[in-house]
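Morning, everyone. Please have the sequence and the structure open while I talk.

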Amino acid sequence: MADQPVSRYDLLVVGGGSGGLAGARRAAELGATAAVIESHKLGGTCVMWNASSHAEFLHDHADYGFEGACARFSWQSIKNKRDAYVSRLNQIYRNNLDKAKIHTIQGHARFTGDPEPTVEVSGRKYTASHILIATGGRPSTVSDEDVPGASLGITSDGFFELESCPKRSVIVGAGYIAVEMAGILSSLGSTTSLIIRQGGVLRNFDALISSNCTRELQNSGIDLWKNTQVRSVHKTDSGLKIVLATKDPEDKDVEEKTSSIEGVDCLLWAIGREPNTAGLNLGQMGVDLDSKGHIVVDEFQNTTRKGIYAVGDVCGKALLTPDEAIKSWGKSSVKTYTTSFTPMYHAITTRKTLCVMKLVCVGKEEKVVGLHMQGVGCDEMLQGFAVAIKMGATKADFDKTIAIHPTSSEELVTMR
Amino acid sequence: MAALYSRSRLKLLLRSALHLSNRTLTGSGGKFDYDLLVIGGGSGGLACSKEAAQLGQKVAVLDYVEPSVRGTKWGLGGTCVNVGCIPKKLMHQAALLGSAVKDAQKYGWQIPQPVSHDWATLAESVQNYVKSLNWGHRVQLQDRKVKYMNMKGSLVDDHTVRCLSSRGKEMTVTARNILIATGGRPKYPTHVPGALEFGISSDDLFWLKETPGKTLVVGASYVGLECAGFLTGIGLEATVMVRSIALRGFDQQMSRLVTDYMQGYGTRFCWDCVPKKVEKLPSGLLQVTWTDSRTGQDHQDTFNSVLWAVGRAPETGTLNLQQVGVELDGDTRKVMVADDERTSVPNIYAIGDIAQGRPELTPTAIHAGKLLARRLAGLSSQLMDYSNVPTTVFTPLEYGCVGLSEEEAERRYGKDKIEVYHAFYKPLEFTVAERDSSQCYIKVVCERDGDQKVVGLHFTGLNAGEVTQGFALSLRCGLSYAQLRDSVGIHPTCAEELTKIYITKRSGLDATVTGC
């Protein structure tokens, strides 16, 4: 073992995801020798969300004068195209790495006990002056000890392997992944229930977003179970039986209520994600982890061990809570502006959705420190505002900006 | 706005200014019927009147729609609400849904063919929505205690307006300040035989009860292109006749991308052609003869409708402006205004499409109207800033922009002093849908030196309006290329591509985005 040749690089990257690839490519551009270690393929995209958006638009077609636009959805067809697209992306990423002369090493990496930080993959050793850990995260799971039958469910990884649209879906979780999965499945034709532990979804987002999203979910036909947890899961002839317990925290006298959902063909756990650090053998490396297993880093991505860095989901995010502004600046210094409206797209549709927007400003000059919104088109609206906010835009800057008409984004520069 | 007034005008101004200060001392109520009288209930007029009323002024609005050549009329709200932005965007949306149906099939939706479009359903829904907006505006005026009169206004003197109703009822009102916001109307090429008798304009298109059918759109302004675009999108045969260039005044590279996309989309183009005459055939179809200015040859074809989109003219004809001393521009016939929207008569103002040198856009009229109201109430001295006004052309492939075109930047700074960053990107939505993204493009024009301040930003793609708004704000805050590149992208969106551009035109390198 001691005699085994160790391949040396300037930069060794463990994990070929967004962070890892970006790091490796940039290093190579700057003249460094680099290698990327990846144990799987490069991951999925939001192609499924586009498919479900079409579902909503198809409902609106008749209102806009289209006759005959009733449709059935073929899951197999979209899965094939999505998988093909993802494969193409994998190939493009691979080509990009090859063009940049970055070595790709297939396999699982583990740190060895060598004095100089060294990584072993399938019996071969690699080292570098700089090692970047970018192994990302994976969906959290519930053990069968905690919830009997939990392993009968899938996670978001399993969602992308589904061969057909589930008839009856039950999603557990209140974060954005749970909300997105529930929305997609429901629009594509699955009768969907969403189980959440507390009273609303997206609790880590601004309260306006949380309450609006919870309401819109219910309006769209998703069966929302608040203050509910899964107690057990059973396999029956007609599908899964999910046993639930509901307890309203406001009502101390009422007992916990037990219910069940039967005939379920898809139980999806979307209860959180955890960092992929367990298999790395980081224990004796001097790389500190937090209580959840995230790698602790400073603002330069340094870990607690010199020469080892970490980036991306494996580090954990500093979640921006909506009350942070008040905590930092004091309640009297914080001013919020909100608006809600029905986008003009819905002027002639029977189906309606709401758009909500909020600006969080601080200080006398009303510097904008937070912008939150939900509604049609918000994904494309936000980028330009993010740039401006980073530049230190104030409410006055917003007000002086001329609107583009007719759009939804103009509402952000015409708030009173 | 230099040398606006002649010597005699200056004397008149001075005299009027003294006169004005005397009048303000006496206050409103006793002296005049209103503090502010607004002629024109469109984007600018309504915004100014509502703001002024809210600030305690006594305000009245006169709105009157002269029927179009074809007899089309509409209610309160002006061009934007009735025959512009609103119905245009809804019809554009209908066209987008038409494309979405085709895309949906690639996304796994099995739709029994064929899907057809019914004009009457769309038109009725749009017209009903516009009427609800007319009503909404009336209610708003009432709530703000603005007096609304559906009457045609003309000036008697600098404080007096004659009002005439459609039934011939006449009255006179006086006001301390008068705002002219009567906007514009589509021009007809009256030198083309048959143009008036057989053609329609954007005033008529949105109010048609029956489908316009196979349509010839004459004119390649944004009005012409947007109309041809949505007509194509809902399944009609549409042709655009272009005299020389499309989207005059806009960045011409971007203009070409817009029209290239439209050609791939199915809109036909007759480049370098001018109409010669329009005749009606016994079948009811319109026969159009035109000349190809490259060859000098004449051509003919038949259409169900001919839509004139050859420019707009200001509504100043019946206002009696010149007799009262309000000067008009010699070429455009629009009202001459100073930086504070004042005309050559000190208590008469003009905003919106009627004012010389102003963008013909709703948001600038609204903004100018509100600022004017605040100045008139004595609460502010802030003037309207007309620079870096963002806009979006809602053609099938939308085009959003703010700041200078590349040509204008070259003219102002010199080619050596600017750096143009650009990228051809592919929206994720186009991938599975197998759509051609060759015209999806981003261009950021910057100063070459120092921070590389951004002077112009251009984007073609989906949701261009929604993408551009925030960047317009950033430009106003002094955006530099470095700040743009330092921004973290929102993924996966089209907007994030703006934070990733790094290839310059100068380098000559391939500007196609290749993934992260």
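I will go through the interface, the aromatic rings and the salt bridges. One point before that: this is a predicted model.

Let's start where chain A and chain B meet. The contact draws on 81 residues from chain B and 65 residues from chain A. About 6300 Å² of area is buried between the two chains, and carbon and sulfur atoms give 65% of that area. Look at Trp109(B), Glu466(B) and Gln469(B). Together they supply 13% of the area that chain B buries against chain A, more than any other three residues.

Now the polar side of this interface. How many salt bridges are there between chain B and chain A? The count is 1. Glu51(B) pairs with Arg416(A), and their closest N and O atoms are 2.7 Å apart. Polar contacts across the interface come to 16 residue pairs, with both residues at pLDDT 80 or more. Which element gives the largest share of the side of chain B that touches chain A? That is helix α4 of chain B, residues 85-106, with 13 residues.

Next, the aromatic rings. Over all chains, the count is 13 aromatic pairs. Take Trp75(A) and Phe159(A). Their rings are edge-to-face, 5.9 Å centre to centre, with 85 degrees between the planes. This pair links distant parts of the chain: Trp75(A) is in helix α3 of chain A, Phe159(A) is in helix α4 of chain A, and they are 84 residues apart. Are these two buried or exposed? Trp75(A) is buried, at 3% relative accessible area. Phe159(A) is buried too, at 0%.

Chain B has a stacked pair, Tyr421(B) and Tyr481(B). The centres are 3.7 Å apart, and the angle between the planes is 0 degrees. Tyr421(B) sits in strand β21 and Tyr481(B) in helix α15, 60 residues apart. Tyr421(B) counts as buried at 7% relative accessibility. Tyr481(B) is buried as well, at 10%.

Back to Trp75(A) and Phe159(A) for a moment. They belong to one aromatic cluster with Phe73(A), Phe160(A) and Trp109(B). We met Trp109(B) earlier, among the three residues that supply 13% of chain B's buried area against chain A.

Charges also sit over rings. The charged end of Lys395(A) is over the ring of Tyr337(A), 4.3 Å from its centre. In chain B, Lys58(B) lies over the face of Tyr34(B), at 5.2 Å from the ring centre.

Last topic: salt bridges. The count over all chains is 36. One of them joins Arg8(A) and Glu116(A), with the closest N and O atoms 2.9 Å apart. Arg8(A) is in strand β1 and Glu116(A) is in the loop between β6 and β7, so the pair ties together parts 108 residues apart in sequence. Arg8(A) is exposed, at 52% relative accessible area. Glu116(A) is partly exposed, at 35%.

Now a pair within one helix. Arg26(A) and Glu29(A) meet at 2.9 Å, N to O. Both lie in helix α1 of chain A, 3 residues apart, about one turn of the helix.

In chain B, Glu360(B) and Lys334(B) form a salt bridge at 2.7 Å, N to O. Both residues lie in loops, and the pair ties together parts that are 26 residues apart in sequence. Glu360(B) is partly exposed, at 32% relative accessible area, whereas Lys334(B) is buried, at 10%.

One network to finish. Salt bridges link Asp251(B), Glu406(B), Lys443(B) and Lys505(B).

Notes
Residues are numbered from 1 along each chain as its sequence is written. Chains are lettered from A and ligands numbered from 1 in the order in which they are written. This is a predicted model: local features need pLDDT of at least 70, side-chain atom pairs count only at pLDDT 80 or more; totals for chains, interfaces and linings use all residues. Side-chain values use heavy atoms; hydrogens and water are left out. Rings of Phe, Tyr and Trp (its six-membered ring) pair if their centres lie within 6.5 Å; planes under 30 degrees apart count as stacked, over 60 as edge-to-face and the rest as tilted. Helices (H or I, at least four residues) and strands (E, at least two) are DSSP runs, numbered from the N terminus. Buried means under 20% relative accessible area, exposed over 50%, partly exposed in between (1.4 Å probe, protein chains only). A charge sits over a ring if NZ of Lys or CZ of Arg is within 6 Å of the ring centre and within 35 degrees of the ring normal. Contact means heavy atoms within 4.5 Å. Buried area is the accessible area (1.4 Å probe) that two parts lose on being put together, summed over both. A salt bridge is a side-chain nitrogen of Lys or Arg within 4 Å of a carboxyl oxygen of Asp or Glu. A polar contact is a pair of N or O atoms within 3.5 Å; within protein, one must be able to donate a hydrogen and the other to accept it, and residues adjacent in sequence count only if both atoms are side-chain atoms.
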